[in-house]
Structure formats: C-alpha cells, structure tokens
Amino acid sequence: MKPIRTFALALVLGTSAFTAQAANVLVVLSDSDHLDLKDGKVFETGFYLNELMQPIKALTEAGHDITFATPKGTAPTLDKSSVDNMYFGGDEAAMQESIAMLDKLKLTSDSSSPVVSLARVEQIGYDHFDAVYVPGGHAPMQDLLVSPELGKLLADFHAKGSALACHGPIALLSTLPDASAFTTKLETSGSANAEGWIYAGYKMTVISNQEEEIAKGLLNGGKMKFYPQTALEAAGGDFVSNEAPWASNVVTDRELITGQNPASAPAVATELLKRLK
C-alpha cells in the first residue's frame, strides 16, 4: 500500500513530533452513507467536504503523507448538502478547489478508492502512523461511535500519549468498554452512564445541542436519536462550547484536539500541524 501524498481534512490522533521528515497521517472516515433517525426514518449523509478537504490540503502542503481508511474499507460518501460555499466562508473558488482535490483522490469511487480497512491498518501496524484524523459530518454517528476496530486504534494512540485531534469527536465513544450498550441506552431512555472511558474528564467540544436544534431542518422532519453533546457529556467528557452558534471553536486537552463545527476545520488543521512539527 502506498501512502497518498496529494490532498487532505476533521478527528486527529498524533504520536510524535516530526522535524525534518514527513509524518504519516491516518484519516479515518465512516463506511456509512446514511444515519438512522427516530421512528424508522433515514437521513442520507456522509462526510462534510470542508471538514475533510481543508485539513487534507494543509497536511499535504506541509509535506505529510496521508492514508485513508474506513472500518470495512468501503469508499466513503460525500454529504451532498456540504457542497455549499457557506462552509468555505463564501469562497466559491476554495470550494471548487476542494471538489477538484477530492475528485483527483478518487476517494469516493467504488472501484478506484485508495481507502483501506482498519483491519489492514492494524496489519500495517499502528506505530507506522504519527497521527489519526477523523472528519465530521453525520455519518460517524451511524458507525464510528460503536466501531470496535476504531476503538482499538484510538485506545492504542491514547495509551502512547499520542495527540488526538477530532473533528468528529463522537467517534471517541468507540473506546468505551461497551459502546453499543451505552448508545442503545441513550437511544431508548435519553440518558446513560459510562464507566472506564479513557477520555472521561477531558475538556472537549463537538457540535452543540443548540447548533443541532438550529440545523434540524436539514433532517427533513426527522429527529436524531440523541445529540453528540449529550452523548459525550454522559460518557464523562467536559464539554466546552463556543460563544455564539457556528463560530469556530477548537479545544485542546492533553493529547486530544477537538473541533466543534464546520467552521472549526481550518483551526483543527493548524493545531494538528503544530503536533507534527
């Protein structure tokens, strides 16, 4: 497998600082193209364009090597609603550049995607990678939060004290002793308790309940089973919000870097690059 050295983007885990040589960054995306909602409704989704491509661009321009992975090795899906220049500060040219980069990578191609599975990543060896980045969007709410493969990877990086930057912080729940039981309890009762979470007590951010309420119209009348902020707080995370909805917000605590919303993607990339120097 050859690392991709062309373009990059949203959850980051880093191991050691690099000086003269390029770092190997693992970008983990969701296999899913949808999110199951309440009452049997389904929302078509995937990763957000800017949350992937803005960090990818910054990483590759800095000379770092990128490997893309999903739990099963399935080509990830772009959330079509994220193809909007409002996520690029109204800069249409910047958005078109990200689209061109994504097309060149062939990341979403069923036949030509360079994506590998997390089982293959384990075969390569976690120590091969200096950072892990998990982009945001709704898709991680479908599978990454309960992925045992991802949980094993993140736990390994955590144990080594490696830097973790997360633009899809809900994926951190995969490191719970029983993530599936925890999320099921949240879905059915609206609350849950967790013990033994490796990120308990960490300051972190994620899209806020307030922002989810503002944006719920995107779900076309559907309702999420629970919100990410609620889930991370229930697991033991110390949630830190922005001062105004949709303003950029990045929180760093020990090895963990988290970004709150699409506007936070450039700042997440900046923090990750600092860890890789």
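Here are some notes on a predicted model, covering one helix, a short strand, the nonpolar cores and a few salt bridges.

1. Let's start with helix α2, which runs over residues 92-105. It has 14 residues and spans 20 Å from its first C-alpha to its last, close to the 20 Å expected at 1.5 Å a residue. Just at its start, a side-chain oxygen of Asp-91 comes to within 3.1 Å of the backbone nitrogen of Ala-93. After the helix comes Lys-106, with a positive phi near 60°.

2. Which residues of α2 are buried? They are Met-95, Ser-98, Met-101, Leu-102 and Leu-105. Looking down the helix axis, the buried residues of α2 fall within an arc of 120°, so they line one face of the helix. On the other side of α2 you'll find Ala-93, Asp-103 and Lys-104, which are exposed. As for what covers the buried residues of α2, that includes α1 (49-61) and β5 (65-70).

3. Strand β6 is just residues 116-117, and Ser-117 sits in it. Is Ser-117 buried or exposed? The relative accessible area of Ser-117 is 17%, and buried means under 20%, so Ser-117 counts as buried. Setting aside neighbours within four places in sequence, the contacts of Ser-117 are Thr-70, Pro-71, Lys-72 and Gly-73.

4. On to the nonpolar cores. The largest has 46 residues, and those with the most contacts inside it are Val-28, Leu-153, Leu-172, Leu-173, Trp-197 and Tyr-199. Several elements each supply at least two residues of this core: β2 (24-28), α3 (118-124), β7 (131-134), α4 (148-159), β8 (163-166), α5 (179-189) and α7 (228-235). Helix α4 gives the most, with four residues.

5. There is also a second, separate core of 29 residues, which includes Ile-66, Phe-68, Leu-102 and Leu-273. You've met Leu-102 already, as one of the buried residues of α2.

6. Now for charges. Side chains of opposite charge can pair when their charged atoms come close. The count of salt bridges here comes to eight. One of the pairs is Lys-152 with Glu-122, where the closest N and O atoms are 2.5 Å apart. This pair links distant parts of the chain, with Lys-152 in helix α4 and Glu-122 in helix α3, 30 residues apart. Neither partner is called buried: Lys-152 is partly exposed at 45% relative accessibility, and Glu-122 is partly exposed with a relative accessible area of 37%.

7. Which residues does Lys-160 pair with? One partner is Asp-127, with a salt bridge at 2.8 Å, N to O. Lys-160 lies in the loop between α4 and β8, while Asp-127 lies in the loop between α3 and β7, so this pair ties together parts that are 33 residues apart in sequence. The side chain of Lys-160 also meets that of Asp-156 in a salt bridge, at 2.8 Å, N to O. Put together, Asp-127, Asp-156 and Lys-160 are linked in a network of salt bridges.

8. A last point is how open that network is to the outside. Asp-127 is exposed, with a relative accessible area of 63%. Lys-160 is partly exposed at 37% relative accessibility, and Asp-156 is partly exposed at 25%.

Notes: Residues numbered from 1 in each chain as written. Predicted model: local features only at pLDDT ≥ 70, side-chain atom pairs only at ≥ 80, totals over all residues. Heavy atoms only, no water. Expected span 1.5 Å × (residues − 1). Buried < 20%, exposed > 50% of the residue type's maximum accessible area, 1.4 Å probe, protein only. Arc of directions from axis to C-beta. Contact = heavy atoms within 4.5 Å. Polar contact = N/O pair within 3.5 Å; in protein donor to acceptor, adjacent residues only side chain to side chain. Core = buried A, V, L, I, M, F, W, Y, C linked by side-chain atoms within 4.5 Å. Salt bridge = Lys/Arg side-chain N within 4 Å of Asp/Glu carboxyl O.
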